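User: Hi! I'd like to walk through this protein with you, a few questions at a time. Could you take a look and reason each one out with me?

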Amino acid sequence: MSDSKLTKAVDSICDQFVITKSKISQLTEYFIDCMEKGLEVCESDISQNKGLPMLPTFVTDKPSGEEHGITMLAADLGGTNFRVCSVELLGNHEYRMEQEKSKIPTFFFQEDHHITSKDLFQHMALITHQFLTKHHKDHIQDYKWKMGFTFSYPVDQLSLRSGKLIRWSKGFKIGDTVGQDIVQLFQQELNDIGLPNVHVVALTNDTTGTLLAHCYTSSDTSRAINEPVIGCIFGTGTNGCYMEKIDNIHKLDPSVRRQLLAEGKTHMCINTEWGSFDNELNHLPTTSYDIKIDQKFSTNPGFHLFEKRVSGLYLGEMLRNILLDLEKQSLFDLKKSLLKNNPFILTTETLSHIEVDELDSGLENTKDALLEAVDLETTFDERVLIQRLVRAISRRAAFLAAVPIAAILIKTNALNQSYHCQVEVGCDGSVVEHYPGFRSMMRHALALSPIGPEGERDVHLRISKDGSGVGAALCALHADTMAVQTAGSDTSQSIVSVSTVPTSHDSFIPKYTKKPLTNLEADASDQPFDKVQLTKLLIDALQQIGYEETAITLQKESGGILVESAHVKPLFSAIKDGRFEDCTLSLLLKLPMFLESLELSGDLSHVELPQTPGKPPNSIIDHFMTEYETLNFVMKRLSEFNDVDVIKLTICVEMLVAIQTLSFSEILMTNRRMALELLRSVIRPTISIWDTLLTLQTMKYESELLWQSGSDTNDSNTFSSFQPEHLLSQLSTLIVSGQSSSRTPFVTREATFEHISRFINPNDLVPRGRLMQLLKQAIQYQRSRDLLSFHTEESSSGNQKTPPTAYNLLQDNVTKSTQFQFDNIKTLNRNNDEIWFLQFSSDGRFLASASPSKKFERKIIIYDVKNNFEIYGICCETRQSVLYLKFSPDNTKLIACSINSAAKIYDLNQLSPPTYDGYLCEYDQLKPVASIFVTFPAAPDTSALTPSNTPGSTETMRLWCGDWFHDPDLKDFIALGSPDSDVIIYDMKTATIFARISMTMGEDLQTSFPHVHDIKISTDDNDLIVMNNEKYIDVFDISTLKNYNYGTIKETYSFKNILAKSNLISSYAHVLGITQTSLQAAQRMAKFTYGIDFMVILLA
């Protein structure tokens, strides 16, 4: 390899990706021209209409951020998940959201004429019902819910609440949906399942949602910045929308335009679909790599050509194709890497690591990123050139991304609406949010565009989140508002939130919610089930327990529902009857395969096979030889297969080997010579192909399976596994040892059936015993909810097995107290009085006990659990009865709350020797490192008295419970709860009260703040849970405490370190461009769970 040749080649490639100032101006002018053409009436000859799609959305107003007191529903049908959420608008640019996400079943992505629109929208309606049952059980039927529906597929939108599907994308293959109104389809299924009060009032896409969500959350109170004018997405794909004057939208029906203008509407949001900009390639910069990716690797050649140069899906693929080209020129060695035959293996995440890597560090991050992603070994010089390529690719993408922004700003004259006018652009998507420097490069390009440097300074690119959720809900609000204005509808039944006006303590204001104890669990007794699936389970279960005729009757009555679909039945009938000559590779390729672990589904029916003679084979060996030759024909075309199809072919070959092994096992019982010939001429070469395919996989699946014969499982001849490296040796061993005709075959038809079944889509073949498995899971769930259940799995000792427990399917299985006994393993008798509280440290080393002992040196005893419960130390200076203890997360400190006043903090590492203070104390002592008193009643600026001060004569606040924060950077903060109706956040470092929760909640809650009995802080330090004397659990959002601590107390604590500490931030967390708002949003994704640990200790 010549370094100079490689450098020159990279220089030449990078030059092709340069976007000049003149090119930006040319593209901007052409983009404006395409926008104007797209707004005109569509030509009858579509080839004459070269403009952008420019789709009217019928959204004519933008939210102000002050809308409040309304809860709307939103549904989002994506390419992988279906999401339902409820959005409560709180006003002041804030909202509260509950959401549930459900994976879309794979059978909706398969060519199956039995799957219809009704199946898809019924599934969505059922998920909606489950969401409302879980989160709004009390309001399912008594409110008129308004729903916004995010549907990011090509739609001919007829109105705000109506649109017909033009074509599916993202893998959906439900043919009868095309041309139908998707809102009507969804609404009909909601009505059918009993939710006629859920009205789908708005249809939108994620781009429009982004603009609306940003308009609501944008809070420039200085009015120096105009309201947002553009909503855009730069992620896996790209698109944008903006508000256009209705007078300019000539493609609108004239009667609709007149009606809108008569209602005082002046603008409408236009979905530009700018990913399709310049599909004719009149001006878009184009390299040979762009052409190759479009024609060979994309799913829609000739379309979305702008998107293929800008979006995150294609940036890594661009680098892969460039490296493959360099290897073709013998300038790069990629033989050992995974770059070949693996389209889209390089992700934008990998490129982001390379983009910001430092030369001074030897580009070590680049080295690690390429090794991890594609197993590519590189030298330092090669990494330098790869980084140049990455930066050229990303810079071109960012410069092109600026073109539609500049064009829309010019067309709408947004920068000249007022003196010193500034505008906001709401952006969403992983590339614009997380890719290093992408927004900075966009700003550079904007400065080079016709708006110039002065215009660029007036443009603010803001990150806007969750357009598909919040934006859809706002779209529903807009539709509902329009309905009220035009029809005078009654909105009194919308959910109105009771909001308080919190008074701030500096920047720390907890958000308050309360959850009724009676509604902590949703009742799933009315959970709807798919009728077809339930029928299949019943038919299969009836067959298993011997009621064949009943199963046939049910099958007939259900209209012919089959446990085995028409795709599967021919193969399994042939295996069941021993007709192995009917088990062909062609039949296997048509099977509907399914691997949940890899999200893989579909068949290989599209694979071309050679023509075979129609005459039947003379023997089973001839048949399998023909199948082997057919397999060889397919293997010669393996280079045309994508990664997923390689896995499917591997599965088909494994199934073929399983059938051949079954045939071998049965032949061996009567004809050893014929079995040997089958092994040598067919099975061995087929296994060799199987082994080759396994090594070619980029995604692995488990091929090992234990096969037990019908005889004793301890038999030495039983198959131990089903893998290429083991199978041949085991079959050879069978040939040598022989197999008696009186015995069961080593491989049974039932075992082969089970083996192949695990690769078949459950919708085409019900897993054997599935209903029985569900019943077992139900019983296990009952046992897990049974507080008295200490069951373990049925065990055996020696040759004697414990008889299995009999369960009653007709009632819940609840353990009776007489079914178990406790053994006293240890009695601790060092306490001198009653024991009021026990607390284990989280590492299990310490046990602390609290009591009202009159000898106050014994009120708190700490036992060393691992040292046979010997006393570790006595906590002294506690003159009142102790009723609460809490270890710190690192188990080095202990909070002790007494019955009347002070809370004390003990450091377990500060043991003192025994002392004599009027009595003997023979144990090491722990003295408090802090004592906390709070005067009551107190003013909002009350401070805690330092240990050196004496409390005044006034009554002190009782502190009865407490908890620690978990983040090491919040180690100086603790929360203390009081039955005197308050919770305080105490700063041990400054010995002051940082906040009183009751004083932040507004007057209404201050006067009725509950008596606090216990508190807990969630493990992510975001939520404070308060148990009180009412039938509620109070939840306070205290996540902003982190910002106070980072920003005020620890001003030198770098943003980079904050990102590194959080495992909830995306893999782009190393990029320092993430805003603190985005960091908070990512941290809020964490959920805490309640855990209950049961430990019984008998104390005397």
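User: Which residues in H23 meet H24?

Analyst: Happy to help, and please keep in mind that this is a predicted model. Helix H23 covers residues 672-696 and helix H24 covers residues 724-737, and their axes come within 10 Å. On the H24 side, the residues met include Pro724, Leu727, Leu728 and Leu731. The residues that meet them from H23 are Arg672, Ala675, Leu676, Leu679, Ile683, Arg684, Ile687, Trp690, Asp691 and Leu694.

User: At what angle do the axes of H23 and H24 cross, and what does that make of their directions?

Analyst: The two axes cross at roughly 175°. Angles over 145 degrees count as roughly antiparallel. That makes the orientation of H23 relative to H24 roughly antiparallel.

User: Let's move on to the sheet. Which strands stand at the edges of the open sheet?

Analyst: The sheet has 8 strands with mixed pairing, in the order E19-E20-E21-E22-E26-E25-E24-E23. Two of its strands have a single partner strand each, so one side of each is left without a neighbour in the sheet. These edge strands are E19 (837-840) and E23 (882-887).

User: Do E22 and E26 pair in the parallel or antiparallel sense, and which residue in E26 stands opposite Ile874?

Analyst: Strand E22 spans residues 870-875 and strand E26 spans residues 925-932. Their pairing is in the parallel sense, over 2 bridges. The residue in E26 that Ile874 stands opposite is Gln925.

User: Is Glu317 buried or exposed, and which side chain does its own side chain make a polar contact with?

Analyst: Glu317 is found in helix H9, residues 312-328. Its relative accessible area is 1%, and buried means under 20%, so Glu317 is buried. Leaving aside neighbours within four places in sequence, Glu317 is in contact with Ile293, Phe297, Pro343, Phe344 and Leu346. The polar contact of the Glu317 side chain, at 2.8 Å, is with the side chain of Arg320.

User: One for the redox-minded: how many disulfides are there?

Analyst: A disulfide needs two cysteine sulfur atoms within 2.5 Å. The sulfur of Cys232, a buried residue at 0% relative accessibility, has its closest cysteine sulfur in Cys427 at 3.5 Å, too far for a bond. Cys269 is buried too, at 1%, and its sulfur is 3.7 Å from the closest cysteine sulfur, in Cys241, which is also too far. The count of disulfides comes to 0.

Definitions and conventions: Residues are numbered from 1 along each chain as its sequence is written. This is a predicted model: local features need pLDDT of at least 70, side-chain atom pairs count only at pLDDT 80 or more; totals for chains, interfaces and linings use all residues. Side-chain values use heavy atoms; hydrogens and water are left out. Two strands pair if DSSP finds at least two bridges between them. Helices (H or I, at least four residues) and strands (E, at least two) are DSSP runs, numbered from the N terminus. Buried means under 20% relative accessible area, exposed over 50%, partly exposed in between (1.4 Å probe, protein chains only). A polar contact is a pair of N or O atoms within 3.5 Å; within protein, one must be able to donate a hydrogen and the other to accept it, and residues adjacent in sequence count only if both atoms are side-chain atoms. Contact means heavy atoms within 4.5 Å. Axes are lines fitted to C-alpha atoms, for helices over the stretch in contact, and angles run from 0 to 180 degrees between N-to-C directions. Angles under 35 degrees count as roughly parallel, over 145 as roughly antiparallel, 65 to 115 as roughly perpendicular and the rest as oblique.
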